[in-house]
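Grab a pencil and work through these exercises with the model on your screen. Try each task before you read its solution.

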Amino acid sequence: MIRAPAPPSLRLAMWLGRTGILGLIALALNACAWVSDQDPPPPAQPSFYRSLAAAGATLDAPTAASMISGYRHNNGLPAVTLDPNLMAMAQEQAQVMATRNTLDHAAGRSFQERIKASGFNAKVAAENIGAGYYTLAEAFSGWRDSPPHRANMLLREATRMGIAAAYAPGTKYKVFWSLVIAAPADGQQHAALSVPVRAIRLDAAPQPH
């Protein structure tokens, strides 16, 4: 049986239907291709490479503790954990040095006075300070590569630490650091404290910024 041809209006509707579906498929494929053609988002910068020479920048203290603990572990020593009293002590020292634009263990009070007033009953304690390091990685490397500062990070009895960085934009060094590492006295009175070592002073930041 011969069928009569479809009316022109019906043929037009059928053609639009087919091309419409194909068009939607093409658009979907193009959309997939557009998404896949985009560069993936860059990986987040590790916090130990984050510059602290900027207003509002914050130091990642847990990462600092992890770095120092890993270094100690590689040298057969126990890990150190963050202590709130030592954190406050380090923050105060870093801020005093930044405010006074000076790199000195006694910028405010002596190290022995500060550790005794910190609320941390220390059996042994030591402090590293520094200036001109913009990142945690730079500060860690500077202390590690300096024998007396390395000895403090590898203080045998230590199990606690505090660390801080303070930004002072109007100063030569921009970022001032304090690291306090200590062992609790286990209920004893304050015992002899290790002598704080000389400060690391840099004429310029380790890397251009």
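**Exercise 1. Work out how helix H2 (residues 61–74) and helix H5 (residues 136–144) are placed relative to each other.**

Step 1: Two packed helices are described by the angle between their axes and the distance between the axes. Axes here are lines fitted to C-alpha atoms, for helices over the stretch in contact, with angles running from 0 to 180 degrees between N-to-C directions. Helices (H or I, at least four residues) and strands (E, at least two) are DSSP runs, numbered from the N terminus.

Step 2: The axes of H2 and H5 come within 11 Å, and they cross at roughly 30°.

Step 3: Angles under 35 degrees count as roughly parallel, so H2 and H5 are roughly parallel to each other.

Step 4: The crossing of H2 past H5 is right-handed (the near helix is turned clockwise from the far one by less than a right angle).

A word on the source: this is a predicted model, where local features need pLDDT of at least 70 and side-chain atom pairs count only at pLDDT 80 or more, while totals for chains, interfaces and linings use all residues. Residues are numbered from 1 along each chain as its sequence is written, and side-chain values use heavy atoms, leaving out hydrogens and water.

**Exercise 2. Find the residues where H2 meets H5, and sort them by class.**

Step 1: Look for contacts (heavy atoms within 4.5 Å). On the H2 side you get Thr 63, Ala 64, Met 67, Ile 68 and Tyr 71, and they meet Leu 136, Ala 137, Phe 140 and Arg 144 of H5.

Step 2: Sorting this contact gives seven nonpolar residues, one polar and one charged. Ala, Val, Leu, Ile, Met, Phe, Trp, Tyr, Cys and Pro count as nonpolar, Asp, Glu, Lys and Arg as charged, and the others, Gly among them, as polar.

**Exercise 3. Check the loop residues Asn 101 and Lys 174: buried, partly exposed or exposed?**

Step 1: Asn 101 sits in the loop between helix H3 (84–100) and helix H4 (111–117). Its phi is near 55°, a positive value in a residue other than glycine.

Step 2: Lys 174 is in the loop between strand S3 (160–167) and strand S4 (175–184). Lys 174 is not a glycine, yet its phi is positive, about 70°.

Step 3: Buried means under 20% relative accessible area, exposed over 50%, and partly exposed in between (1.4 Å probe, protein chains only). Asn 101, at 41% relative accessibility, therefore counts as partly exposed. Lys 174, at 24%, counts as partly exposed too.

Notes:
Angles under 35 degrees count as roughly parallel, over 145 as roughly antiparallel, 65 to 115 as roughly perpendicular and the rest as oblique.
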